[in-house]
Amino acid sequence: MSADMMIHRRFAPFFWTQALGAFNDNLFKNVLLLLVTFVAVPERGWDAGTVNNLAAGLFILPFLLFSALGGTLADALDKRQLIVGLKWLELMTMTGAAWALLTDSYAALLGLLFMMGVQSALFGPVKYAILPQHLGRHELVGGNAWVEMGTFLAILFGTLASAFVISGDGGGWLPALCLWSVALVGVMISHAIPSAPPAQKQSIVWRPIRESVSVMRDAWHARGIFQALVGISLFWFLGTCYLTQLPQWTKDVVMGPEKAFSFLLGAFAVGIGLGSFVCARLSAGRLEIGLVPLGAGIIALGGGWFALTEPLASAPLSLEALLGMGAFWLMLFKLMMIGLGGGLYIVPLYTLIQLRSPDDQRARMIAANNLLNALFMIAAAVFGLVMLGVFQASLNLLFGLLSLLSLMIAVSVATRHPRPLMRIVIFLMIHIWYRLRLTGRRNIPATGPALIVCNHVSFMDALVLGGASSRPLRFLMDKPIYESPWLNWFFRMAGAIPVESERSDPKGMRRALDQVSEALANGEVVMLFPEGRLTRDGQVHEFRRGIDLILRRDPVPVVPASLSGLWGSWTSRQGGGPFKGFPRRVRAKVCLHFGEAMAPDAGREALRDRVVALKEEGDLNASTPPLRPPH
């Protein structure tokens with residue numbers, strides 16, 4: 001999650017444009033709810049429950065009516081021009097809101113809430129569709145992490161600011177001025193966003209029902225993408241349930257004043273931001289689907305812990321008293337933990353949609369996402385109403401059920417896609433055990449088949465390479481090790497390809513080559529150690545002819561790689577054999593260097609020479625004496 005993105009025009013203006021929009025959106029909604037609850041209801045005799053439900057419906061309805069149109073507009077128009085136009089719509093809406101605030105026209109404010117919903121529904125698709133046009137593939141995870149962190153922090157600050165501007169002595173002047181000024185600044189910044197022309201011209205027709213059905217049908221046929229859309233919508237189901245019930249939780253369990261709700265919301269928002277940051281750091285520019293079940297598991301753990309919370313007191317407490325209680329800070333930590341899991345969970349799913357959607361259909365997929373989100377948010381409201389109203393369930397039970405749902409999501413994703421989760425777990429273990437320095441990872445082709453060849457130093461080599469690669473790897477390994485009764489399940493899950501020596505099993509060698517060809521034909525990356533065995537002296541030995549056989553059958557780019565710093569480790573053959581005694585080196589410095597891809601006709605000698613050169617450079621970085629290659 002590089003901070004450099006925040007100084008470049010291709011990202012920074014868009015980031016601040018969308019963050020200011022999210023801030024203004026939540027400031028307006030919360031100002032409206034506070035005015036209705038504490039002014040309109042007592043002064044004009046309005047029913048609080050009816051008005052609050054009407055306000056929620058007025059904001060969600062536009063997502064059902066206009067999300068499909070937003071996707072069509074984002075795919076058919078220059079996205080920069082569309083964003084500028086939508087920011088002008090926001091400014092006009094906030095001008096009307098300022099007038100309504102100054103004249104105490106609460107009915108007009110409800111109508112303008114619908115207009116803000118329209119603006120948000122149209123802005124949603126272009127918000128995520130523009131990023132792949134301005135960011136590289138390796139920057140998308142970081143870009144999405146910044147957007148998610150900025151959005152949730154804007155929600156937090158908008159909520160906090162609403163209480164501040166309403167409590168001022170200037171009547172409606174302060175919230176009116178704040179809303180209008182933020183919208184104006186957003187319009188000014190939006191003009192600095194670079195152009196993002198459409199992939200192809202499309203006709204624009206607004207047919208809400210037909211277009212919504214068409215968008216959902218397109219998303220359904222894109223099965224891998226549709227699963228991600230459902231995953232994102234489940235996150236919004238969980239988030240809506242938590243955020244909707246937190247005010248009542250503040251009253252019944254925290255036993256605190258209304259201001260304590262801001263602390264709970266702040267803990268959740270900070271957790272989302274922290275989770276987005278951690279996601280970007282762990283992903284290191286690559287799409288890490290394995291973080292999705294990990295994030296859902298953290299949500300389940302934090303949510304279950306949160307659900308076990310007992311009331312903090314038997315009588316209402318002041319905010320000062322709460323801030324002096326360790327139990328209150330522990331509760332905030334639990335909420336932050338839920339948010340942390342949410343950040344890890346949501347960023348990879350948005351990135352997956354952006355990477356795997358066709359350029360001319362990307363905004364439609366985001367529109368389908370917004371439609372599903374709205375439906376799941378409505379389902380969350382119904383779920384809360386049924387559980388708390390019909391079944392008279394406690395908030396603790398409700399949050400416990402949400403924790404169980406999160407656990408079911410984690411298990412389902414991990415079961416359906418075990419390799420990505422295994423990959424991220426290995427990545428974390430490697431970074432805990434070693435001080436790993438990676439260079440040249442972008443030399444691995446972003447798409448399409450490729451072969452990675454590396455020197456073979458220890459039994460940890462495949463794990464280090466698999467955990468550090470920017471793409472999932474299939475790797476060749478000795479058949480006797482592959483058939484180990486204790487580890488065979490792991491190797492099969494990892495997609496290992498067993499290979500026997502041609503001398504002992506000629507047909508087995510051909511079967512292995514066939515599996516390699518099949519993997520490469522499917523656009524996968526295959527990794528192998530051309531030396532065929534662990535080094536016994538730390539040097540890079542002759543590459544065997546298997547590499548030539550593979551490249552003769554499948555001429556694909558070859559990425560040379562080298563490992564340094566593992567010779568002499570517990571899993572190497574230095575000193576006679578691996579796994580003798582106990583590990584003596586913890587947090588050893590290990591260097592993994594990926595070189596530029598070479599042509600498939602380079603030959604095994606040229607490949608070996610390049611690996612040796614990379615290794616000598618890595619030996620210097622790992623502070624180990626360089627080893628001379630054998631003649």
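Buried means under 20% relative accessible area, exposed over 50%, and partly exposed in between, with a 1.4 Å probe and protein chains only. The model is predicted, so local features need pLDDT of at least 70 and side-chain atom pairs pLDDT 80 or more, while totals for chains, interfaces and linings use all residues. Residues are numbered from 1 along each chain as its sequence is written, and side-chain values use heavy atoms, without hydrogens and water.

**View 1. Two cysteines and their cover.** Cys 178 is partly exposed, at 21% relative accessible area. Cys 241 has a relative accessibility of 4% and counts as buried. A disulfide (a pair of cysteine sulfur atoms within 2.5 Å) is absent from the chain: the count is zero.

**View 2. Helices and strands.** The chain has 22 helices and seven strands. Both are DSSP runs, numbered from the N terminus: helices are H or I with at least four residues, strands are E with at least two.

**View 3. Interior and contacts.** Of the 631 residues in the chain, 54% are buried. Among contacts (heavy atoms within 4.5 Å) with a separation of 6 or more, 82% join residues 24 or more positions apart.

**View 4. Surface and charges.** About 27,500 Å² of the chain is exposed, and carbon and sulfur atoms supply 64% of this area. Accessible areas come from the Shrake-Rupley method with a 1.4 Å probe; for residues, only the protein chains shown count as cover. There are 54 positive side chains and 41 negative ones, and the centres of the two sets lie 5 Å apart. Lys and Arg count as positive, Asp and Glu as negative; His and the chain ends are left out. Each charge is placed at NZ of Lys, CZ of Arg, CG of Asp or CD of Glu.
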